[in-house]
Amino acid sequence: MSSKKCANCGRNMKQQFIGLQHCSCGISWMKDTGYFERTGDMVFALERKTIQGKAKQVPVIKYRSNS
Ligand SMILES: [Zn+2]
């Protein structure tokens, strides 16, 4: 899988998981979501999901709670 170019600054993004890439300027890209701005309370994880009868690992965004 090739790396995407950042929509904000044009640099090549780094892949963390399949379907999830990050740029050092703070923009991330996720399959089905597209480009978004990362915030400090975002945690990225892989979650198992069954899609069309197949078990797949897909990236999900979780939010750190401050409490
Ligand atoms: Zn960028």
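Q: Is Cys23 buried or exposed?
A: Buried. In this predicted model, Cys23 has a relative accessibility of 3%. That is under the 20% cut-off, so Cys23 counts as buried.

Q: And Cys6, buried or exposed?
A: Cys6 is buried too, at 5% relative accessibility.

Q: What does Cys23 bind?
A: The zinc ion. Cys23 is one of its protein donors, through SG. The others are Cys6, Cys9 and Cys25, also through SG. They lie 2.3 Å from the zinc ion.

Q: What's the geometry around the zinc ion?
A: Tetrahedral. The 4 donor atoms subtend angles of 103 to 118°. Every angle has to fall between 85 and 135 degrees for that label, so the arrangement qualifies.

Q: What would the ideal angle be for four tetrahedral donors?
A: 109.5 degrees.

Q: What spacing do the donors follow along the chain?
A: C-x2-C-x13-C-x1-C.

Q: Where do Cys9 and Cys25 sit?
A: In distant parts of the chain, 16 residues apart. Cys9 is in the segment before strand S1 (14-17). Cys25 is in the loop between strand S2 (20-22) and strand S3 (27-30).

Q: How accessible is Cys9? And Cys25?
A: Cys9 is partly exposed, with a relative accessible area of 33%. Cys25 is at 32%, which also counts as partly exposed.

Q: How many disulfides are there?
A: The model has 0 disulfides.

Q: New topic. Which residues make up the largest nonpolar core?
A: There are 6: Phe17, Leu20, Met30, Phe36, Met42 and Phe44.

Q: Which residues are in the other core?
A: That one has 5 residues and lies apart from the largest core. Among them are Cys6, Cys23, Ile27 and Trp29. Cys6 and Cys23 are also zinc donors.

Q: Back to Met42. What does Met42 touch?
A: Leaving out residues up to four places away in sequence, Met42 touches Phe36, Glu37, Ile61, Lys62, Tyr63 and Arg64. Phe36 is in the largest core along with Met42.

Q: How many aromatic pairs are there?
A: The count is 1. The pair is Phe36 and Phe44.

Q: How are the rings of Phe36 and Phe44 arranged?
A: Tilted. Their centres are 6.4 Å apart and their planes sit at 40°. Stacked needs under 30 degrees and edge-to-face over 60, so this pair falls under tilted.

Q: Is Phe36 buried or exposed? What about Phe44?
A: Phe36 is buried, at 13% relative accessibility. Phe44 is buried as well, at 15%.

Q: What do nonpolar side chains tend to do in soluble globular proteins?
A: They tend to be buried together.

Notes. Residues numbered from 1 in each chain as written. Predicted model: local features only at pLDDT ≥ 70, side-chain atom pairs only at ≥ 80, totals over all residues. Heavy atoms only, no water. Donors = N, O, S within 2.8 Å, 3.2 Å for Na, K, Ca; no water. Tetrahedral: all angles 85-135°; square planar, octahedral: opposite > 155°, others 65-115°. Helix = DSSP H or I, 4+ residues; strand = E, 2+ residues; numbered from the N terminus. Buried < 20%, exposed > 50% of the residue type's maximum accessible area, 1.4 Å probe, protein only. Disulfide = S-S within 2.5 Å. Core = buried A, V, L, I, M, F, W, Y, C linked by side-chain atoms within 4.5 Å. Contact = heavy atoms within 4.5 Å. Phe/Tyr/Trp six-rings, centres within 6.5 Å; stacked < 30°, edge-to-face > 60°.
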